Protein chains: 2
Amino acid sequence: MFSIGELSRRAGVKIPTIRYYEQMGLMAAADRSEGNQRRYSKDGLKRLSFIRHSRELGFSIDDIRGLLELSQHPEKPCRDAHNMAARRLDDVRARIAKLRRLERELKRISGCDADTIAHCAVIETLADHGLCEGDH
Amino acid sequence: MFSIGELSRRAGVKIPTIRYYEQMGLMAAADRSEGNQRRYSKDGLKRLSFIRHSRELGFSIDDIRGLLELSQHPEKPCRDAHNMAARRLDDVRARIAKLRRLERELKRISGCDADTIAHCAVIETLADHGLCEGDH
DNA sequence: GTAATCTCTCTAGCGGCTAGAGCTTCAAGA
DNA sequence: TCTTGAAGCTCTAGCCGCTAGAGAGATTAC
Ligand SMILES: [Zn+2]
Ligand SMILES: [Zn+2]
Ligand SMILES: [Zn+2]
Ligand SMILES: [Zn+2]
């Protein structure tokens with residue numbers, strides 16, 4: 001049994017974030033000490049690590065609720081988990097595509113060789129999307 | 001002179017967003033009709049289009065305040081504008097790099113060919129970052 | 001016993017909007 | 001000119017995923 005501070009250190013998740021996850025129903029309401037402080041076991045650490053890793057991979061709090069639920073039922077089919085991962089992947093790819101378009105425009109305007117605002121490619125482009133090469 | 005609805009349609013920015021930009025000091029407090037409704041001119045449209053385009057390119061509200069200010073002073077050097085664009089570009093590249101690492105992991109776990117949660121690569125990976133190929 | 005360090009709950013704030021309630025104003029047609 | 005319906009007004013609250021702070025109580029080490 002360890003404190004929330006210890007859990008925080010071990011899992012690499014800030015204390016208020018742990019309490020937030022509890023509120024959001026990701027972490028079960030923790031056991032309490034006599035003085036009402038949260039006490040965690042190895043299980044709590046595992047669960048929190050799962051949550052952290054899922055967040056790092058971009059899953060939403062809602063998704064994670066589902067994934068945690070699934071992980072509790074080893075006999076169930078994993079189709080749902082695959083679907084969530086696939087949706088995540090699609091989303092990530094869409095975001096990459098969008099950012100690449102941004103990168104292209106930003107690279108272009110960063111090449112401005114004017115000295116004053118009057119002829120600055122950055123300002124001119126912001127004022128007129130027609131100067132852009134692509135969509136965004 | 002046109003209404004906020006008309007401005008919204010022409011600039012492709014929602015009405016509450018326009019009012020929000022006014023609150024944030026990006027749009028100047030608009031002229032008003034006798035009945036206290038906002039009235040805009042071509043200048044307002046230009047300014048809003050500039051804001052919209054800047055947002056699309058990923059600049060923050062704060063950055064945009066600066067960029068608008070710069071754009072009002074054509075004689076000034078454009079170094080500041082370049083710096084902002086460069087910082088934006090760096091940020092976009094960092095985000096792309098991060099998303100690509102994500103993409104790789106998500107692609108890997110999406111290749112799970114198990115049937116049940118018990119052996120599902122998605123769930124296993126979320127429970128153990130050690131199974132990941134890279135950092136994130 | 002006392003001091004230092006945790007931890008507790010509760011509330012509010014971040015960015016960039018978005019939505020709704022409850023009201024007033026405007027514009028077009030009869 | 002009057003009516004009606006759309007559009008506008010302000011104000012407040014909510015979204016996500018935290019993060020920060022106040023002011024209180026608990027724990028721990030010496
Ligand atoms: Zn320039
Ligand atoms: Zn553009
Ligand atoms: Zn699977
Ligand atoms: Zn990992």
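These are my notes on how two protein chains meet DNA strand D and each other in a predicted model.

**Entry 1, residues around the strand.** I looked up what surrounds DNA strand D and found 21 residues. A:Tyr21, A:Arg55, B:Gly5, B:Arg19 and B:Arg38 come nearest. By type, the residues of this surface divide into six nonpolar, nine polar and six charged.

**Entry 2, secondary structure.** I then asked which helices supply at least two residues each to the surface near DNA strand D. In chain A I noted helix H2 (15-23), and in chain B helix H1 (4-11) and helix H2 (15-23). H2(A) gives the most, with four residues.

**Entry 3, backbone or bases.** I checked which part of DNA strand D lies within 4 Å of the protein. Sugar or phosphate accounts for 87% of those atoms, and bases for the rest.

**Entry 4, phosphate contacts from chain A.** I went through phosphate oxygens of DNA strand D. One is 2.6 Å from a side-chain N or O atom of A:Arg55. For A:Tyr21, a side-chain N or O atom is 2.9 Å from a phosphate oxygen. At A:Gly35 the partner is a polar backbone atom, 3.1 Å from a phosphate oxygen. A:Tyr21 and A:Arg55 were already on my list of residues that come nearest.

**Entry 5, the two copies.** I laid chain B on chain A: a turn of 180 degrees and a shift of 0.0 Å along the axis give an RMSD of 0.0 Å. The two copies are therefore related as by a two-fold rotation axis. I also noted that 100% of the contact residues of chain B recur in chain A, so the same surface serves both copies. Which residue of chain B comes closest to the rotation axis? I found B:Ile96, with its C-alpha at 2.9 Å.

Key: Residues numbered from 1 in each chain as written. Chains lettered and ligands numbered in written order. Predicted model: local features only at pLDDT ≥ 70, side-chain atom pairs only at ≥ 80, totals over all residues. Heavy atoms only, no water. Near = heavy atom within 4 Å. Polar contact = N/O pair within 3.5 Å; in protein donor to acceptor, adjacent residues only side chain to side chain. Nonpolar A, V, L, I, M, F, W, Y, C, P; charged D, E, K, R; others polar. Least-squares fit on C-alpha atoms with pLDDT ≥ 70 in both. Contact = heavy atoms within 4.5 Å.
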